[in-house]
Every structure is written in C-alpha cells, then in structure tokens.
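Here are my notes on the model you sent round. I've kept them as numbered points so you can go through them with the structure open.

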Amino acid sequence: MKATQIQFNGVGQMEYVERELPPLKENQLLIKVETCGLCTWERYIYEGLESMPFPFVGGHEIAGRVAEKGKGVSANFKEGMPVAVAKWLRCNECEPCRRGYDNFCEANFAASNREYSGPAGFADYLICNSYEAYPFNPDAPIHFASLAEPVACATRALNRMVLVPGDTVVVMGAGFMGILFMSASRSTLRLTLSREASSSSFGSLKGFPSLPFS
Ligand SMILES: [Zn+2]
Ligand SMILES: [Zn+2]
C-alpha cells in the first residue's frame with residue numbers, strides 16, 4: 001500500500017513523495033484522508049518562521065474514513081466510518097502524559113527515527129493508532145471533522161479562562177481562529193469584536209455586531 005504525501009524538504013521547498021506504508025500493527029487503523037486543514041503552524045514551517053526537522057510532512061487537522069482495521073481495534077470502528085484524527089503519539093506513562101499534557105509526551109519526542117517528521121495528514125492515506133481517531137457524525141459533511149482540532153484549541157483556551165456570563169471578551173484578530181473563538185464564546189458571553197473584525201468583511205458576519213471603531 002502506497003501513500004502520496006506532500007513533503008517539505010526545506011524552507012520554501014515542497015514536493016509530492018510516494019511512500020510504502022508498513023503493514024498495520026495491532027490497534028492501528030489505515031485512514032483514507034478526505035480533507036486536511038492547512039494551519040498556520042505548517043505555513044510557519046514552510047516559511048522558516050518555525051523550525052522542524054526536514055523532511056517534514058505536515059497536516060494535523062485530519063478528517064478521513066477508516067479504510068482498514070488492524071488486529072485488536074475495537075468494534076466501535078467500522079470500515080468506511082468518518083473520523084477526525086489527532087495524529088499525535090502518546091505513551092500515557094510519562095510525566096507529561098500523566099499530567100494531561102500528552103502533546104509533550106516524551107516518547108513522542110524520542111520517536112525521531114522516522115524518515116520524516118510531522119503528523120503526515122497531507123497525504124491520501126495514513127496509519128494511526130486507534131486512540132488517535134475519533135468517530136465523527138456520519139450525517140455531517142466530512143470536512144467538518146477537520147475543524148475538530150482548531151475548535152478544540154479554542155474551547156480549551158476558553159475553558160482555561162475564568163469567564164462568567166456577562167464578561168466582555170476582546171478577540172484580537174479576526175482570522176480563522178479568531179472567528180472560532182467568537183463562535184465558541186458568544187453563546188454565553190458578550191462580545192466585543194476586534195478592530196480588524198469590525199472594519200473588514202468579517203464585521204458583516206451574521207450574528208456578530210459591527211462596532212463603530214474610528
Ligand atoms: Zn492547527
Ligand atoms: Zn507520554
């Protein structure tokens with residue numbers, strides 16, 4: 001089974017690469033990638049504003065379907081079912097994992113013996129551990145599952161803030177994440193839009209008041 005990946009070979013250098021995928025191990029899934037978000041993180045790496053070892057295969061906002069199941073994968077996963085994939089190894093045993101900071105898993109950082117770095121969502125197929133895949137609503141458009149990671153970032157950040165209904169939230173910057181923050185917070189909180197939001201086309205988004213900045 002071959003996968004075609006988009007690989008960054010250095011700053012500003014990108015190419016398609018074909019790689020043979022290894023046979024599925026226990027508790028692994030083969031995922032047919034349907035959509036993958038392009039996050040600022042990958043753009044920064046491409047532009048040399050953030051460093052990652054090259055070659056690098058980005059793509060961490062991954063949505064796809066289960067194409068094949070390895071041995072031991074629970075019956076909750078069925079072939080063809082849509083999933084959001086958080087492609088991030090975690091051992092669940094090291095200190096960061098036990099403290100809930102599995103994005104800093106020591107085993108993940110130690111696993112640098114691959115041919116490339118990165119989560120490898122920019123591909124037509126990828127292999128993930130079953131714990132990295134989250135079953136997604138089959139009635140929703142599959143590309144919505146690519147929003148799981150950015151929405152999780154926004155809701156987690158809001159959860160960490162001590163906010164109560166009636167508080168005013170200032171969202172600086174009305175890019176994709178800014179709009180997610182506004183969406184995630186507006187159900188309970190009064191919103192003040194940033195200057196950027198009110199003065200651009202975002203200000204006319206349905207449900208968001210356009211504030212009179214001058
Ligand atoms: Zn992201
Ligand atoms: Zn760990």
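Which residue of β5 is the bridge partner of R65? I'll start there and work outwards through the sheet.

1. The partner is P82, in β5. This pair belongs to the antiparallel β4 and β5 pairing, where 4 bridges join the two strands. Strand β5 covers residues 82-85, while β4 covers residues 61-69. Bear in mind throughout that this is a predicted model.

2. Stepping back, the strands make an open sheet of 5, in the order β6-β3-β4-β5-β7, and the pairing is antiparallel. At the edges you'll find β6 and β7 (133-135), each with a single partner strand, so one side of each has no neighbour in the sheet. From one strand to the next, the twist averages 45°.

3. Now the pairing of β3 with β4. These two run antiparallel and are joined by 8 bridges. If you want residues to click on, L30 stands opposite E68 of β4, and T35 has A63 of β4 as its bridge partner.

4. Going from β3 towards the β6 edge, β3 (residues 28-37) pairs with β6 (residues 125-129) over 5 bridges, in the antiparallel sense. A handy marker here is I31, which stands opposite L126 in β6.

5. Over at the β7 edge, β5 and β7 are paired antiparallel, with 3 bridges between them. Look for V85, which has A133 of β7 opposite.

6. Two backbone details deserve a look. The peptide bond between F54 and P55 is cis, with omega about -5°; P55 sits in the loop between α1 (40-47) and β4. The other is N27, which isn't a glycine but has a positive phi of about 65°. You'll find N27 in the loop between β2 (13-20) and β3.

7. On to the helices. How do α4 and α5 cross, and how far apart are their axes? For α4 (residues 148-160) and α5 (residues 176-185), the axes come within 9 Å and the crossing angle is roughly 55°. The two helices are therefore oblique to each other, and their crossing is right-handed.

8. As for who does the touching, α4 contributes P150, V151, A154, T155 and L158, and α5 contributes F176, M177, L180, F181, A184 and S185. By class, the contact residues split into 9 nonpolar and 2 polar, with no charged ones.

9. Finally, confidence. The mean pLDDT of the chain is 85, and 84% of its residues reach 70 or more. Among the elements, strand β4 has the highest mean, 98, and helix α6 (residues 195-199) the lowest, 47.

10. Where does pLDDT stay under 50? One such stretch is residues 193-205, for which the model has 31 contacts beyond four places in sequence. Another is residues 209-214, with 10 contacts of that kind.

Key
Residues are numbered from 1 along each chain as its sequence is written. Chains are lettered from A and ligands numbered from 1 in the order in which they are written. This is a predicted model: local features need pLDDT of at least 70, side-chain atom pairs count only at pLDDT 80 or more; totals for chains, interfaces and linings use all residues. Axes are lines fitted to C-alpha atoms, for helices over the stretch in contact, and angles run from 0 to 180 degrees between N-to-C directions. Angles under 35 degrees count as roughly parallel, over 145 as roughly antiparallel, 65 to 115 as roughly perpendicular and the rest as oblique. A crossing is left-handed if the near helix is turned anticlockwise from the far one by less than a right angle, and right-handed if clockwise. Two residues are in contact if their C-beta atoms, placed from the backbone, lie within 7 Å. Ala, Val, Leu, Ile, Met, Phe, Trp, Tyr, Cys and Pro count as nonpolar, Asp, Glu, Lys and Arg as charged, and the others, Gly among them, as polar. pLDDT is the predictor's confidence in each residue, from 0 to 100. Two strands pair if DSSP finds at least two bridges between them.
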